[in-house]
Amino acid sequence: MKSALPLLAVLLVTGAAVAQVKAPVIPSDAAARPRSAEQQAILEASTAELAREAHLLGIQELRPPKNAVHPGRPDFTNYDEAKANPYPDLPSLLTMDDGTKVKTLAQWKKRRAEIKALFDEDVYGKYPAQISGVRWKVESVTAKTVDGVSAMVKHIVGTVDNSADPAITVEIPADVVTPAATKGKKVPVIIGGGALSPRFSLNGPDPILHIVGSEMCIMLGPQTETSSKQLLDHGWGFVSVDVNAVQADNGAGLTKGIIGLMNKGQPRKLDDWGVLRAWAWADSRVLDYLQTDPDVNGKEVGIMGHSRGGKAALVALVDDPRFAIGFISSSGEGGANLYRRNYGEALENVAAPNEFHWMAGNFLKYAASGKTANDMPVDSHEFIALVAPRPVFIGGGGYIDQPPCALPGDAWQDPRGMFMAAAAASPAWAFYGRKGLETAQFPRMETFLDKGSIAFRQHPYGHTPTPNWSYFITFASRYLK
């Protein structure tokens, strides 16, 4: 469908002033996908909101995003490691804003606050000073067989107090699944560890998953047990949270959901929280409930996410120290990957109309024409360091170009860049008498690094967490009893 937005410019009127912002564009591979009328309307509204925020920042043009899957295009991204590190000098993790070198735990805690303030301002956005409370209700408790394991399923719903704007209703639906055999024994659970009704199976007998309506496919590798079954067999549970019910995954919805409710239906400010932080907030509210559940050990709750969910899971892990462990899978740009890398997804992709809502409006400053990722005052190694001293598993897949529909496998997420960020974050764990990543040398494919508090593994398949689940459970078993 043809967009109703002008192809070259969006005109924004503020009083008597008129500013011209060159219309932001989505990546060319995404632009080629068919969209329904509803999806087109959401895209157009998202593009308009992006242009509004860019105008407020004085940005006239954003760098165009990269193409992930078409090597013949001039906007095709880089997958050549020789060109991947144009800015090898990362911001110093252990240097205070005043130049003082961090040598003690007390100094690290002050440095941690400095780093978090920068991410709050310019990357993920700030939480509102006051956020409405949530009232939890257990709507049903059902005995059910889940992937061949007898389980208890609690369907819970958190209702957010909407007295700030009664026109906006926000609920947090979730399913809490624990083994029937452990009823009343308070077991560890992993938020994001499984789903009762996944969109599609990542564990089927066909090693290639063909995605309906897309020219892309995912190399799954050999069939393995689902994460749900692995966790339940291990005597643990899992929780699935419908975060999209809390905040829609688009820029058009920023005046709705929890972000819209806190702004009383008005557009967000440039330093307001983005969708990743809204999803992280929802996971923390679910943790509030879990600490009251008689079948859950509320002190041994982990958080897992894959792809954009991995970005949000990392934010939740950093923001809420009650999470005991994290599994951050294929989180890429905006997650565990270094922004200063030139490999796979670029910073400008996260600032495009289909992704910008994940971040604060201020994030757009670093995607403006004439700027680069090297202008950012922070990088993701510093955000990962904020997890310390808790354990975290970071994983991803490999580069794949055969069959052609599988290109680029999981290389868009840049596993090497995520490894480099984890290695650079590792010194933070030393202040707590622990080791972060056990080595700074990128390992061979399928090497399982688990000797430190940061675990890492790259599997040889596509954009799926499945091959790493058993390794995460092995790693987590050192911490969750």
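## A guided tour of the predicted model

Begin with the charged side chains: the protein carries 49 positive and 50 negative ones, and the centres of these two sets lie 4 Å apart. Keep in mind throughout the tour that this is a predicted model.

Now show the whole chain as a cartoon, where you can follow 12 helices and 13 strands. The radius of gyration is 22 Å, close to the 23 Å that the globule rule gives for 481 residues, so the protein is as compact as a globular protein of that length. If you turn the C-alpha trace along its principal axes, it spans about 65 × 55 × 50 Å. Of the 481 residues, 57% count as buried, and the accessible surface comes to about 19600 Å², of which 54% belongs to carbon and sulfur atoms.

Next, select helix H12, residues 469-476, and display the side chains of its buried residues, which are Trp469, Phe472, Ile473, Phe475 and Ala476. These cover an arc of only 160° around the axis, which puts them on the same side of H12. An α-helix has 3.6 residues a turn, so residues three or four places apart point the same way. What do the buried residues of H12 pack against? Colour the partners as you find them: helix H4 (227-233) is one of them, and the strands are S6 (187-191), S10 (296-306), S11 (325-329), S12 (392-396) and S13 (454-458).

From S6, move into the loop that leads to strand S7 (208-210) and select asparagine 203. This residue is buried, with a relative accessible area of 12%. Leaving aside neighbours within four places in sequence, asparagine 203 is in contact with Gln223, Thr224, Glu225, Thr226 and Thr466.

Then go to the loop between S12 and helix H10 (415-425), where you will find proline 403 and also proline 408. A cis peptide bond joins glutamine 402 to proline 403, with omega about -5°, and another cis peptide bond joins leucine 407 to proline 408, with omega about 5°.

Finish with two residues other than glycine that have a positive phi, namely serine 307, where phi is near 60°, and glutamate 446, where phi is near 75°. Serine 307 lies in the loop between S10 and helix H7 (308-319), while glutamate 446 lies in the loop between helix H11 (427-430) and S13. Is each of them buried or partly exposed? Serine 307 is buried, with a relative accessible area of 19%, whereas glutamate 446 is partly exposed, at 44%.

Notes: Residues numbered from 1 in each chain as written. Predicted model: local features only at pLDDT ≥ 70, side-chain atom pairs only at ≥ 80, totals over all residues. Heavy atoms only, no water. Buried < 20%, exposed > 50% of the residue type's maximum accessible area, 1.4 Å probe, protein only. Helix = DSSP H or I, 4+ residues; strand = E, 2+ residues; numbered from the N terminus. Arc of directions from axis to C-beta. Contact = heavy atoms within 4.5 Å. Rg over C-alpha atoms; globule rule 2.2 N^0.38 Å. Areas by Shrake-Rupley, 256 points an atom, 1.4 Å probe, with all protein chains shown as cover. Lys, Arg positive; Asp, Glu negative; His and termini not counted. Charge placed at Lys NZ, Arg CZ, Asp CG, Glu CD.
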